[in-house]
Amino acid sequence: MNFENLKVGLKNSVAQFVTENDTALAVGSGSLKVLATPKLIAIVEKAAADLIEKNLSPEFTSI
């Protein structure tokens, strides 16, 4: 197994426009029209998954 590319300090970023469907009010996690915490967590998970995928050998995946 070769995990040389996975090192502490790797960085990645993602961008997403926030719509009405992404608000706490819309997803039922609050009563305000602000980015819902579940949506924020999904964005963070996507950034992490994309970073790991770019740095893993093709025969590996991450969950």
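Leaving aside neighbours within four places in sequence, threonine 23 is in contact with Leu32, Lys33, Val34 and Ala36. I start with that residue and then work outwards. Please keep in mind that this is a predicted model.

Where is threonine 23? It sits in the segment before α1. Its relative accessibility is 5%, and buried means under 20%, so threonine 23 counts as buried. There is also a polar link to mention: the side chain of threonine 23 reaches the backbone oxygen of glutamate 20 at 2.9 Å.

Next comes aspartate 22. This residue too is in the segment before α1, and α1 itself covers 24-27. Is aspartate 22 buried or exposed? With a relative accessible area of 7%, aspartate 22 is buried. What does aspartate 22 touch, if we do not count residues up to four places away in sequence? The list is Gln16, Phe17, Val34, Leu35, Ala36 and Lys39. One of these, lysine 39, also takes part in a polar contact: its side chain and the side chain of aspartate 22 meet at 3.5 Å. If you compare the two lists, Val34 and Ala36 appear for threonine 23 and also for aspartate 22.

Now the loop. Glycine 30 is found between α1 and α2. Its relative accessible area is 34%, which makes glycine 30 partly exposed. Not counting residues up to four places away in sequence, glycine 30 touches Ala24 and Leu25.

On to helix α2, which runs over residues 37-55 and contains alanine 48. Alanine 48 is partly exposed, at a relative accessible area of 38%. How far is alanine 48 from alanine 36 in space? C-alpha to C-alpha, the two are 19 Å apart, with their positions 12 residues apart in sequence. Lysine 46 is in helix α2 as well. It has 46% relative accessibility and counts as partly exposed. Taking lysine 46 with serine 29, the pair is 17 residues apart in sequence, and their C-alpha atoms are 20 Å apart in space.

That leaves the chain as a whole. How many helices and strands does it have? There are 2 helices and 0 strands. The radius of gyration is 16 Å, while the globule rule gives 11 Å for 63 residues; the value is well over the rule, so the chain is more spread out than a compact globule. As for outline, the C-alpha atoms fill a box of roughly 45 × 20 × 15 Å along the principal axes.

What share of the residues is buried? Of the 63 residues, 16% count as buried. Aspartate 22 and threonine 23 are both in that class. The protein chain exposes about 5300 Å², and carbon and sulfur atoms supply 58% of that area.

Two further figures for the chain. Take the contacts between residues at least 6 apart in sequence: 40% of them join residues at least 24 apart. Then the charges: the chain has 6 positive and 7 negative ones, and the mean positions of the two groups are 7 Å apart.

To go back to the start: threonine 23 is buried, and its side chain reaches the backbone oxygen of glutamate 20. Aspartate 22 is buried too, and its side chain makes a polar contact with that of lysine 39. Glycine 30 in the loop is partly exposed, and in helix α2 that also holds for alanine 48 and lysine 46.

Key. Residues are numbered from 1 along each chain as its sequence is written. This is a predicted model: local features need pLDDT of at least 70, side-chain atom pairs count only at pLDDT 80 or more; totals for chains, interfaces and linings use all residues. Side-chain values use heavy atoms; hydrogens and water are left out. Helices (H or I, at least four residues) and strands (E, at least two) are DSSP runs, numbered from the N terminus. Buried means under 20% relative accessible area, exposed over 50%, partly exposed in between (1.4 Å probe, protein chains only). A polar contact is a pair of N or O atoms within 3.5 Å; within protein, one must be able to donate a hydrogen and the other to accept it, and residues adjacent in sequence count only if both atoms are side-chain atoms. Contact means heavy atoms within 4.5 Å. The radius of gyration is taken over C-alpha atoms; the globule rule is 2.2 Å times the number of residues to the power 0.38. Accessible areas come from the Shrake-Rupley method with a 1.4 Å probe; for residues, only the protein chains shown count as cover. Lys and Arg count as positive and Asp and Glu as negative; His and the chain ends are not counted. The place of a charge is taken as NZ of Lys, CZ of Arg, CG of Asp or CD of Glu.
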